Amino acid sequence: MADLKKLAEEIVGLTLLEAQELKTILKDEYGIEPAAGGAVMMAGPADGGGGEAAEEQTEFDVILKSAGASKINVIKEVRAITGLGLKEAKELVEAGGKAVKEQVSKEEAEELKGKLEAAGAEVELK
């Protein structure tokens, strides 16, 4: 058991570059591929150093990727969400890849995404 604990401590202590090399060796020489996002890559340094932990994102942008088949319904929904006029809402929908709302809470972003997808749009949160 002591050997396994020592091995685990060594793996956790690997730098990102060393972990990538380990992955390559396991794949090339032994035919072993780690699961997507492998635990080695996600583990933080054992000593707590190496930078601050990433903060959870609290503000999101609701991006309209495409209007889909129901462009008119999407335009109506964009007008309701943004308060834009018909011409401006139509231009926003036709442009694609534009933010409908910026810096909104996660709950509001999810709600807006749901409304736009129900109208037929393809939406992305950033």
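**Note on helix packing and core of the chain**

1. Helix 4 passes helix 6 in a right-handed crossing. A crossing counts as right-handed if the near helix is turned clockwise from the far one by less than a right angle, and as left-handed if anticlockwise. The model is a predicted one, in which local features need pLDDT of at least 70 and side-chain atom pairs count only at pLDDT 80 or more, while totals for chains, interfaces and linings use all residues. Residues are numbered from 1 along each chain as its sequence is written, and side-chain values use heavy atoms, with hydrogens and water left out.

2. The chain as a whole should be set out next. Its secondary structure comes to six helices and three strands. Helices (H or I, at least four residues) and strands (E, at least two) are DSSP runs, numbered from the N terminus. Read from the N terminus on, the elements follow the order α-α-α-β-α-α-β-α-β. Of the 126 residues, 17% count as buried; buried means under 20% relative accessible area, exposed over 50%, and partly exposed in between (1.4 Å probe, protein chains only). Contact means heavy atoms within 4.5 Å. Among contacts between residues at least 6 apart in sequence, 67% join residues at least 24 apart.

3. How do helix 4 and helix 6 pack? Their axes are 9 Å apart and make an angle of about 155°. This angle makes helix 4 roughly antiparallel to helix 6. Axes are lines fitted to C-alpha atoms, for helices over the stretch in contact, and angles run from 0 to 180 degrees between N-to-C directions. Angles under 35 degrees count as roughly parallel, over 145 as roughly antiparallel, 65 to 115 as roughly perpendicular and the rest as oblique. On the side of helix 4, Glu77, Val78 and Ile81 make the contact; on the side of helix 6, Leu112, Lys115 and Leu116 do so. Sorted by class, this contact has four nonpolar, no polar and two charged residues. Here Ala, Val, Leu, Ile, Met, Phe, Trp, Tyr, Cys and Pro count as nonpolar, Asp, Glu, Lys and Arg as charged, and the others, Gly among them, as polar.

4. Helix 4 (residues 71-82) also packs against helix 5 (residues 86-95), at an angle of about 120° and with the axes 9 Å apart. Helix 4 is therefore oblique to helix 5. The crossing of this pair is right-handed. In helix 4, Lys71, Val74, Ile75, Val78 and Arg79 take part, and they meet Leu86, Ala89, Lys90, Leu92, Val93 and Glu94 in helix 5. By class, this contact has seven nonpolar, no polar and four charged residues.

5. The largest nonpolar core has 19 residues. A nonpolar core is a set of buried Ala, Val, Leu, Ile, Met, Phe, Trp, Tyr and Cys residues joined through side-chain atoms within 4.5 Å. Those with the most contacts inside this core are Val62, Leu64, Val74, Val78, Val93 and Leu116. At least two residues each are supplied by strand 1 (60-66), helix 4, helix 5, strand 2 (98-104) and helix 6 (106-118). The largest share, four residues, comes from helix 4. In soluble globular proteins, nonpolar side chains tend to be buried together.

6. Which residues does Val74 touch, not counting residues up to four places away in sequence? They are Leu64, Ala67, Val93, Ala119, Gly120 and Ala121.

7. Two residues of strand 2 deserve attention. Glu102, found in strand 2, is exposed, with a relative accessible area of 55%. Not counting residues up to four places away in sequence, Glu102 touches Phe60 and Asp61. The C-alpha atoms of Glu102 and Ile63 are separated by 8.5 Å, although the two residues are 39 apart along the chain. Gln103 also has its place in strand 2 and is exposed, at 58% relative accessible area. Gln103 has a positive phi of about 55° although it is not a glycine. Most residues other than glycine have a negative phi.

8. Is Glu117 of helix 6 buried or partly exposed? Glu117 is partly exposed, with a relative accessible area of 39%. Glu117 and Leu64 are 53 residues apart in sequence and 9.6 Å apart in space, C-alpha to C-alpha.

9. Helix 2 (residues 16-30) holds Leu22, which is partly exposed at 27% relative accessible area. The C-alpha atoms of Leu22 and Ile11, 11 residues apart along the chain, are separated by 9.3 Å. Leu26 has its place in helix 2 and counts as partly exposed, at 27% relative accessibility. Leaving aside neighbours within four places in sequence, Leu26 is in contact with Gly31 and Ile32.
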